[in-house]
Amino acid sequence: MNPIQLSIFANRLSGICDEMGAVLRLSALSPNIKDRLDFSCAIFDAEGRLCAQAAHIPVHLGSMAYAMADLVRGRDWRAGDLLVVNDPYLGGTHLPDVTVVSPVLQGEDLLGFAVTRAHHANIGAHSPGSMPVSTHLEQEGIVIAPTLLKQQGQWQVSLCRRLAGLEEAGTLPAGNARFADFAAQASACEAGARRLAELAGAGRASLAQSFDALNAYGERRARARIAELPDGVYRFEDWMDDDGQGQQDIRIAVSLSIRGECAALDFAGTDDQVAGNINCPLSVAAAAAYYCFRCLMDNDVPACDGLFRPITLSAPEGSLLNARRPAAVAAGNVETSSRVVDVVLGALAQAAPQAIPAASQGTMNNVAMGAAGEHGWDYYETMAGGTGAHAAGAGLSAVHSHMTNTLNTPIESLESHYPLRVRRYAVRRGSGGAGRFTGGAGVVRELEFLGPASFTLLTERRRRGPWGLAGGLPGEPGANRLNNRVLPPKYQGEAVAGDRLLIASPGGGGYGGQE
């Protein structure tokens, strides 16, 4: 393909992913998907190699890129099939993130796959929001091994009812709000599959050649960028606050080797998996590492499997970043992935000091809450914070950063869907680290409960602030309070009407010594 053909093809694939995202957002019922945009869409080739993704959530798409080939290999795909999976140890991230895969067929020929992954605020955990302070995978909700959600166009009713939280015997739960989000994912996948089939009008061989050309181009661009980094071994380490079960200061270490056009990350020295739920499968660690290298690339580089071919990584089996089943992982996908970004960027900053910022907030500030019963509800949100300052200027304030690329739930949506009132929502002035350039500020959000509810907090950077670079100072740590009582970083509790929960997110690290 000549450069013009390649650019048109890459943009058409990206357009398919964008359309899938629009279908999913407009079809879903939950604020978590339609307002916060906690979902991702991608196109894979017939071998399960990433070929395009929308600008959605890095931890979703990087982990899919790492694991999709194993997930789709060797299956007898039929037109109208839809595969569903959320098992973290079989290509997932954590249980609320559910992946739906649609094969794209032309006659008997498999062309590729259209894939969505979306966060479901209720996936069957015992605590509302399905983000518990857990010690075992089964406590975190329904574990879905790779299973057909649709078989040759027919909904598998018993599975649909199970996903909707109903007894498996019965009719399709078409009016069930929980099932509606799965149906929205199915619609988005089917829309993507139709568009990819249209794009493949010239046949399977032509499409496969185009996929190969795209990934070869992505690989060339990645190798060229890595080759600009000086050869060497760069080491960095950082710590998780705690695991929610009494263990504190949990170490994540990386050794980054740059050799010519290749990069290798070795996470040896990272602590063993823990009792709490900050463990993660290797696919999540890979997603964080891939994301960091993607940030080094120019915006016009296509997001595809080729970008990751020059990058290898390893982590000791049974460690925090390569946990063994049935270790709990609910917070690993959101909090540990954020710290992996910090350590990889910390290592890269030694190789490319002008290109890497100080640490951003380093947490997603996960808040999950709700109530059971006839009028039960489930709410989940991640919160913005400050980003790190850099050689060219100050950090950004009150934004989601790195592994989370979602929005906040608008106050109007939150108050209309849930028995909550937002008492305060403001930029946390002065929370960014000082330096020649100041880190971005976090936010303060205070919620008042209008009725009894259970709530869970899975947060980080409450004991250590995000680090600064080149003499810049750390950002302010975050804080959690219930009625002015300080809560630990990982906490599960009960609230009554009138209680107020305040979350203050960390500021980003500063850059450069103060003049």
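Reader: Which residue forms a salt bridge with Lys490?

Author: This is a predicted model. In it, the closest N and O atoms of the pair are 2.8 Å apart. A salt bridge requires such atoms to be within 4 Å. The partner of Lys490 is Asp242.

Reader: How many residues apart in sequence are the parts that this pair ties together?

Author: Lys490 lies in strand 19, residues 490-495. Asp242 belongs to strand 8, residues 232-242. The salt bridge therefore ties together parts whose separation in sequence is 248 residues.

Reader: Is Lys490 buried or exposed?

Author: Buried means under 20% relative accessible area. Lys490 has a value of 5%, and its partner Asp242 has 9%, which also counts as buried. Lys490 is therefore buried.

Reader: Are Arg339 and Asp342 buried or exposed, and what separates them along helix 8?

Author: Arg339 forms a salt bridge with Asp342, with the closest N and O atoms 3.0 Å apart. Both residues are buried. They sit 3 residues apart in helix 8, residues 332-351, so the separation is about one helical turn.

Reader: Which residues are linked with Arg339 and Lys490 in a network of salt bridges?

Author: The two pairs already described, Lys490 with Asp242 and Arg339 with Asp342, belong to one network. Besides these four residues, the network includes Asp238, Glu460 and Arg461.

Reader: In the salt bridge between Glu228 and Arg225, which residue is exposed?

Author: The closest N and O atoms of this pair are 3.1 Å apart. Arg225 has a relative accessible area of 18%, so Arg225 is buried. The value for the partner is 57%, and exposed means over 50%. The exposed residue is Glu228.

Reader: How many salt bridges does a search of the whole structure find?

Author: The pairs described above include Glu228 with Arg225 and Lys490 with Asp242. A search of the whole structure gives a total of 29.

Reader: Which helix gives the largest share of the largest nonpolar core?

Author: The largest nonpolar core has 81 residues, and Phe293 and Leu265 are among those with the most contacts inside it. One helix supplies 12 residues, the largest share. That helix is helix 7.

Reader: How many of the 15 residues of helix 7 are buried?

Author: Helix 7 covers residues 282-296 and reaches 22 Å from its first C-alpha to its last, close to the 21 Å expected. Helix 7 is largely enclosed by the rest of the structure, because the number of its 15 residues that are buried is 13.

Conventions: Residues are numbered from 1 along each chain as its sequence is written. This is a predicted model: local features need pLDDT of at least 70, side-chain atom pairs count only at pLDDT 80 or more; totals for chains, interfaces and linings use all residues. Side-chain values use heavy atoms; hydrogens and water are left out. Helices (H or I, at least four residues) and strands (E, at least two) are DSSP runs, numbered from the N terminus. The expected span of a helix is 1.5 Å times one less than its number of residues. Buried means under 20% relative accessible area, exposed over 50%, partly exposed in between (1.4 Å probe, protein chains only). A nonpolar core is a set of buried Ala, Val, Leu, Ile, Met, Phe, Trp, Tyr and Cys residues joined through side-chain atoms within 4.5 Å. A salt bridge is a side-chain nitrogen of Lys or Arg within 4 Å of a carboxyl oxygen of Asp or Glu.
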